[in-house]
Amino acid sequence: MQNDIEKILISEEQIRNRLKELGKRITEDYRDKDNFLLVGVLKGAIIFMSDLIRHIDLPLQVDFMAISSYGASTESSGVVRILKDLEENVEGKNLLIVEDIIDSGLTLSYMYNILKSRKPASIKICTLLDKPSRRKADIKVDYLGFEIPDYFVVGYGLDYGEKYRNLPYICVLKPEIYQ
Ligand SMILES: O=P(O)(O)OC[C@H]1O[C@H](OP(=O)(O)OP(=O)(O)O)[C@H](O)[C@@H]1O
Ligand SMILES: [Mg+2]
């Protein structure tokens, strides 16, 4: 796997430090709210979500939704599908959607609209990575880890063709791997 890497964009230490800051901000912002539910977007957000919640010093619940649009490509298919829905009823709850990356924004705008229609008390968005140069749908990010340029990145949960999720940093692969 290491041989496939062109360059590391965000190191383990940078991720660790940023997560501490995000956890602290989220803890302050949700301190007086009850029914706090974090909604992780499978599969990409698994590592970010599991590290982030250990920096949030509040009672909280977690649930997951699986949504897929990329398949084995570096371009969104534009067809967003729910593969797994939430187990929790979200009505009246304070939701924080936790994503690994917002790229075209199609996944998140689809998911946001579905969750909004279920009448939660509030919905906010937390994403580790934001690639604003590729945006097709308008998204307001409340908590951001890092803004990145237009690279297809992998690692720390993010895949290319289901591989590389277990790399501990965010990196770009050699061009021949993407061909
Ligand atoms: O803003 P967008 O252009 O919609 O792209 C972002 C979404 O794409 C990826 O998911 P993917 O469909 O690859 O599923 P995965 O999380 O299982 O890898 C990523 O994890 C985000 O959920
Ligand atoms: Mg993917």
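**Figure 1. Three elements each supply at least two residues of the shell around ligand 1: β2 (36-42), β5 (94-102) and α3 (106-116).** The model shown is predicted. β5 gives the most to this shell, with four residues. The shell around ligand 1 counts 19 residues, and Gly44, Tyr70, Asp103, Ser104 and Thr107 come nearest. By character, the shell divides into seven nonpolar, seven polar and five charged residues.

**Figure 2. The largest nonpolar core holds 35 residues.** Val41, Phe48, Ile97, Val98, Val154 and Tyr156 have the most contacts inside this core. β5 gives the most to the core, with six residues. In soluble globular proteins, nonpolar side chains tend to be buried together.

**Figure 3. A close-up of Val98 shows its contacts with residues more than four places away in sequence.** Val98 touches Leu38, Val39, Gly40 and Val41. Val98 also touches Ala45, Phe48, Met49, Leu52 and Cys126. Val98 and two of these partners, Val41 and Phe48, are among the residues with the most contacts inside the largest nonpolar core.

**Figure 4. Helix α3 packs its buried residues against four strands: β2, β3 (61-68), β5 and β6 (122-130).** The buried residues of α3 are Leu106, Thr107, Leu108 and Met111. An α-helix has 3.6 residues a turn, so residues three or four places apart point the same way. Thr107 also belongs to the group that comes nearest to ligand 1.

**Figure 5. Three strands form an open antiparallel sheet in the order β1-β9-β8.** The edge strands are β1 (5-10) and β8 (153-154), and each pairs on one side only. Two bridges join β8 to β9 (residues 170-173). Strands β8 and β9 run antiparallel. Val154 stands opposite Cys171 in β9. Val154 is also one of the residues with the most contacts inside the largest nonpolar core. Strands of a sheet pair through backbone hydrogen bonds, either parallel or antiparallel.

**Figure 6. The close-ups belong to a protein chain with three helices and nine strands.** From the N terminus on, the elements run β-α-β-α-β-β-β-α-β-β-β-β. The radius of gyration is 16 Å, close to the 16 Å that the globule rule gives for 179 residues, so the protein chain is as compact as a globular protein of that length. Along its principal axes, the C-alpha trace spans about 50 × 35 × 25 Å. Of the 179 residues, 28% count as buried. Among contacts with a separation of 6 or more, 66% come from residues 24 or more positions apart.

Terms used. Residues numbered from 1 in each chain as written. Chains lettered and ligands numbered in written order. Predicted model: local features only at pLDDT ≥ 70, side-chain atom pairs only at ≥ 80, totals over all residues. Near = placed C-beta within 6 Å. Nonpolar A, V, L, I, M, F, W, Y, C, P; charged D, E, K, R; others polar. Core = buried A, V, L, I, M, F, W, Y, C linked by C-beta atoms within 7 Å. Buried ≥ 20, exposed ≤ 12 C-beta atoms within 10 Å, placed from the backbone. Contact = placed C-beta atoms within 7 Å. Rg over C-alpha atoms; globule rule 2.2 N^0.38 Å. Pairing = 2+ DSSP bridges.
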